[in-house]
Amino acid sequence: MVQRRLGNVWIVGASSGIGASLAKLADDRADHIAVSARSKEGLESVANSGQHIVSYPLDVTDHEAAYKTAEEIEQRFGSIDLAVFCAGVWHPMSADSMDIDKMRQTMEINYFGAVNIVNAVLPGMKKQGSGHIVIVSSVAGYRGLPTAAAYGSSKAALSHLTETLTVELRKYGIVVTLVNPGFVDTPMSRVNTYKMPGIISSEAAAEKMLDGILKQKPAIFFPFGFTTFMRALNFLPYRVFYWLAGRIGGEGKNQ
């Protein structure tokens with residue numbers, strides 16, 4: 001049986017964590033892989049780990065740079081068939097210690113960073129009449145949770161954006177996939193001092209993502225048990241949910 005190829009891939013947020021693991025895992029399934037992030041050293045390490053991986057340093061908050069990078073990749077590879085947005089930042093904070101600058105930075109990276117990448121790849125995908133956009137959000141975006149005012153809000157906005165794109169881009173032959181992970185062992189999550197239920201490695205997360213991407217699933221969730229519990233919170237009455245969230249106390253949720 002012939003395995004499906006990924007074509008030309010652009011993974012944004014690939015200097016570490018899920019993005020880096022996905023690039024390494026997908027190397028033998030793609031024609032070319034471009035990896036982007038702010039960390040040049042991290043990107044070079046990932047690029048050196050595979051045969052088809054090329055480094056393109058990028059600050060996702062710079063929309064002009066995002067557009068230019070997409071053009072450079074398209075000129076080099078011929079097209080971008082799959083774009084994966086994994087970039088993100090996590091700043092735990094409570095209502096008593098809200099940091100406006102960090103909240104703004106969180107939205108700029110987690111939400112507007114994705115907007116910039118989508119805007120950069122859409123012209124090429126529309127022209128070719130095909131493409132696949134994958135956006136990594138988080139179960140933290142389902143409901144308001146302690147210490148997740150910045151992160152959870154950005155992920156809620158990101159999930160909403162992704163669902164809207166899924167509906168509206170079908171007419172162009174573009175597939176959109178929403179990824180909602182639970183806890184994944186990454187440099188970002190290691191700042192947490194509390195127990196992270198169901199935490200999995202970035203390699204395991206990448207395997208789940210790659211399987212869903214190859215099947216062109218509209219949504220990918222992992223790990224099953226924890227993400228199912230988090231999804232179920234959507235069906236709780238407000239009084240019950242607020243009581244439960246209060247019991248959780250200072251425990252925030254992270255991707």
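**Figure 1. Contact between helix 3 and helix 4.** His63, Ala66, Tyr67, Ala70 and Glu74 of helix 3 meet Asn116, Ile117, Asn119, Ala120, Pro123 and Gly124 of helix 4. By class, this contact has 6 nonpolar, 4 polar and 1 charged residues. The model shown here and in the other views is predicted. The two axes, of helix 3 and helix 4, come within 8 Å and cross at roughly 35 degrees. The crossing of helix 3 and helix 4 is right-handed.

**Figure 2. His63 in helix 3.** His63 belongs to helix 3, which covers residues 63-77. Is His63 buried or partly exposed? Its relative accessible area is 47%, so His63 counts as partly exposed. His63 is among the helix 3 residues that meet helix 4. Asn119 is one of the helix 4 residues in that contact. Along the chain, His63 and Asn119 are 56 residues apart. Their C-alpha atoms are separated by 8.4 Å.

**Figure 3. Helix 4 against helix 5.** Helix 4 spans residues 100-128 and helix 5 spans residues 149-168. Their axes lie 8 Å apart, and the packing angle is about 15 degrees. Angles under 35 degrees count as roughly parallel. Helix 4 and helix 5 are therefore roughly parallel to each other. Their crossing is right-handed. From helix 4, the contact takes in Met103, Thr106, Met107, Asn110, Tyr111, Ala114, Val115 and Val118. From helix 5 come Ala149, Ala150, Tyr151, Ser153, Ser154, Lys155, Ala157, Leu158, Leu161 and Leu165. By class, the contact of helix 4 with helix 5 has 13 nonpolar, 4 polar and 1 charged residues.

**Figure 4. The open sheet.** The protein chain has 8 helices and 9 strands. Of these strands, 7 form an open sheet with parallel pairing. In what order do the strands of the sheet stand? The order is 3-2-1-4-5-6-9. Strand 3 (53-55) and strand 9 (219-222) stand at the edges. Each of the two has a single partner strand, so one side of each is left without a neighbour in the sheet. Neighbouring strands of this sheet are turned by 15 degrees against each other on average, direction ignored.

**Figure 5. Strand 1 and its pairing with strand 2.** Strand 1 covers residues 8-12. Why is strand 1 described as largely enclosed by the rest of the structure? The reason is burial: 5 of its 5 residues are buried, so the rest of the structure largely encloses strand 1. Both faces are covered. Asn8, Trp10 and Val12 are buried on one side, and Val9 and Ile11 are buried on the other. Strand 2 (residues 32-36) runs parallel to strand 1, and 5 bridges join the two. Ile11 has Val35 of strand 2 as its bridge partner.

**Figure 6. Strand 6 between strand 5 and strand 9.** Strand 6, residues 174-181, is mostly covered, with 7 of its 8 residues buried. In the sheet order, strand 6 stands between strand 5 and strand 9. Strand 5 (residues 131-136) is joined to strand 6 by 6 bridges, and the two run parallel. Gly131 stands opposite Ile174 of strand 6. On the strand 9 side, 4 bridges join a pair that is again parallel. Here Val179 has Ile220 in strand 9 as its bridge partner. Helix 6 (residues 202-214) packs on the sheet and touches strand 4 (82-85), strand 5, strand 6 and strand 9. The direction of helix 6 makes about 155 degrees with that of strand 9. Helix 7 (residues 224-232) also packs on the sheet, touching strand 6 and strand 9. Its direction makes about 110 degrees with that of strand 9.

**Figure 7. Loops on either side of strand 9.** Gln216 lies in the loop between helix 6 and strand 9. Gln216 is not a glycine, yet its phi is positive, near 55 degrees. With 34% relative accessibility, Gln216 counts as partly exposed. Pro223 is found in the loop between strand 9 and helix 7. Which kind of peptide bond joins Phe222 and Pro223? The bond is cis, with omega at about -10 degrees.

**Figure 8. The whole chain as context.** The protein chain has 255 residues, and 52% of them count as buried. Consider contacts between residues at least 6 apart in sequence: 68% of these join residues at least 24 apart.

Terms used. Residues are numbered from 1 along each chain as its sequence is written. This is a predicted model: local features need pLDDT of at least 70, side-chain atom pairs count only at pLDDT 80 or more; totals for chains, interfaces and linings use all residues. Side-chain values use heavy atoms; hydrogens and water are left out. Axes are lines fitted to C-alpha atoms, for helices over the stretch in contact, and angles run from 0 to 180 degrees between N-to-C directions. Angles under 35 degrees count as roughly parallel, over 145 as roughly antiparallel, 65 to 115 as roughly perpendicular and the rest as oblique. A crossing is left-handed if the near helix is turned anticlockwise from the far one by less than a right angle, and right-handed if clockwise. Contact means heavy atoms within 4.5 Å. Ala, Val, Leu, Ile, Met, Phe, Trp, Tyr, Cys and Pro count as nonpolar, Asp, Glu, Lys and Arg as charged, and the others, Gly among them, as polar. Buried means under 20% relative accessible area, exposed over 50%, partly exposed in between (1.4 Å probe, protein chains only). Two strands pair if DSSP finds at least two bridges between them.
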